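Here is a request from a learner: please show me how to read the features of a protein model, one at a time. The teacher answers by giving the idea first and then the case at hand.

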Amino acid sequence: MLKKKLLVSLVICISACTNLKKQDRFPTLEEECKLAGSSSKQCEIFNLKDLSLDEKENLMGWVYLNGLDNIKPNYDKAYYWFEKAAKSHNHEAINSLGMIYFAGLGKDKGFQKAEEYFLEANKYGSKDAKLNLAELYRSKDFGRAPDFEKAESWYLLGVQDNPSRAYEGLSKMYVDQENYEKAFSFSEKAAELGNPEAQYNLGVFFEQGVYVKNDKMQAEYWYEKAIENREPRAAYNLASLYEKGDGVEQDFNLAYAYYTLAKELGLDVAQKKLVELDSKVTKENIRILKDEGGIQIVVDDPNSKWEIMDEEDYLKKKN
């Protein structure tokens, strides 16, 4: 009889201890701070006076989702902290849980789970959830056909919170449907609001003559606008125009500079073009500068020190 009681107690203990271990496999906010050290981002979050507990939990989740400073992304920890914050109806955390299932970050991609979380986040006031729902319904990544009607509805609802992103999303949706008139119209709206992807897309419209008349000057204009917003594909395409002399005066040095910029902005394919142009370039140390005033060219002239000038002045001087 005593053996049976001991056995039952042991089974209960093992079960309870296992559940406890599962629940406590990640430290508390205070423990995160102690483990990481007083000067860590974890301690900075823990000691924030103006944030509620769920806001701190959500912020901790964001740090582990994206990585920051010396903290590497940890999707399990991110999910844990978002889930904790979501229990207090933190709409940012709920929206992030949706993104985890939408993008498959540490979890299998799941349309239904992403949809549920985005809808709940929208219910509690998220300003991103509407457009995330629109992207979800437009997506072809879940083994189901896009629902353009629902996508359009959510994009239009999202205009009130983020018109730039909403218009850019509508443009992509209409490209998917090969409705280039509407795609151009919404790209133009988003580009005028400073959306870099829309600015790049407008450049493509004008360069390739899609829906509008082929206009390399307009393409150059919108590529430069996108470059000011750090869009690497725009730098690559503008480099290509200068390399070929397509609608602009051929300039291998300028092409080399823009390919270099594209690579610096994260477009690794530009490296191949740099190798191809290497033997044609006479001023490899020409560089592109970006500042609030726009794009400027830096030229290392053998007869003078580094000289900074606007692109227009550089082209005039060259001639």
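**Reading the model step by step**

A: Glutamate 135 is a good place to begin in this predicted model: glutamate 135 has a relative accessible area of 14%, and because buried means under 20%, glutamate 135 counts as buried.

Q: In which helix is glutamate 135 found, and which residues does glutamate 135 touch when residues up to four places away in sequence are not counted?

A: Glutamate 135 belongs to helix 8, which covers residues 129-138. Leaving aside residues up to four places away in sequence, glutamate 135 is in contact with Phe102, Tyr155, Arg165, Gly169 and Lys172. For one of these partners, phenylalanine 102, the separation is 33 residues in sequence, while the C-alpha atoms lie 9.4 Å apart in space.

Q: How should I read the way helix 7 and helix 8 lie against each other, and at what angle do their axes cross?

A: Two helices are compared through the directions of their axes, and an angle over 145 degrees counts as roughly antiparallel. Here the axes of helix 7 (residues 111-123) and helix 8 cross at roughly 155° and come within 8 Å, so the two helices are roughly antiparallel to each other. The crossing in which helix 7 passes helix 8 is left-handed.

Q: Which residues meet where helix 7 and helix 8 come together?

A: From helix 7 the residues are Phe111, Ala114, Glu115, Phe118, Leu119, Ala121 and Asn122, and they meet Ala129, Lys130, Asn132, Leu133, Leu136 and Tyr137 of helix 8. Sorted by class, the contact of helix 7 with helix 8 has 9 nonpolar, 2 polar and 2 charged residues.

Q: What is the angle between helix 12 and helix 13, and how far apart are their axes?

A: The reading follows the same steps. Helix 12 (residues 196-208) packs with helix 13 (residues 216-228) at an angle of about 165°, and their axes are 8 Å apart, which means that helix 12 is roughly antiparallel to helix 13. Helix 12 passes helix 13 in a left-handed crossing. On the side of helix 12, the residues in contact include Pro196, Tyr200, Leu202 and Phe206, and on the side of helix 13 they include Ala219, Trp222, Tyr223 and Ala226. By class, this contact has 9 nonpolar, 3 polar and 3 charged residues.

Q: Is leucine 254 buried or exposed?

A: Leucine 254, which lies in helix 15 (residues 252-264), has 0% relative accessibility and therefore counts as buried. Tyrosine 242 is 12 residues away from leucine 254 along the chain, and their C-alpha atoms are separated by 6.6 Å.

Q: What can I look for in the loops, and where is aspartate 69 found?

A: One feature to look for is the sign of phi. Aspartate 69 is in the loop between helix 4 (53-66) and helix 5 (75-86), and its phi is near 55°, a positive value in a residue other than glycine. With a relative accessible area of 66%, aspartate 69 is exposed. Histidine 89, in the loop between helix 5 and helix 6 (91-103), also has a positive phi, near 65°, but histidine 89 counts as partly exposed, at 44% relative accessibility.

Q: How many helices and strands does the protein have, and what percentage of its residues count as buried?

A: The protein has 17 helices and 3 strands, and 43% of its 319 residues count as buried. The protein exposes about 18,100 Å², of which carbon and sulfur atoms supply 49%.

Notes
Residues are numbered from 1 along each chain as its sequence is written. This is a predicted model: local features need pLDDT of at least 70, side-chain atom pairs count only at pLDDT 80 or more; totals for chains, interfaces and linings use all residues. Side-chain values use heavy atoms; hydrogens and water are left out. Axes are lines fitted to C-alpha atoms, for helices over the stretch in contact, and angles run from 0 to 180 degrees between N-to-C directions. Helices (H or I, at least four residues) and strands (E, at least two) are DSSP runs, numbered from the N terminus. Angles under 35 degrees count as roughly parallel, over 145 as roughly antiparallel, 65 to 115 as roughly perpendicular and the rest as oblique. A crossing is left-handed if the near helix is turned anticlockwise from the far one by less than a right angle, and right-handed if clockwise. Contact means heavy atoms within 4.5 Å. Ala, Val, Leu, Ile, Met, Phe, Trp, Tyr, Cys and Pro count as nonpolar, Asp, Glu, Lys and Arg as charged, and the others, Gly among them, as polar. Buried means under 20% relative accessible area, exposed over 50%, partly exposed in between (1.4 Å probe, protein chains only). Accessible areas come from the Shrake-Rupley method with a 1.4 Å probe; for residues, only the protein chains shown count as cover.
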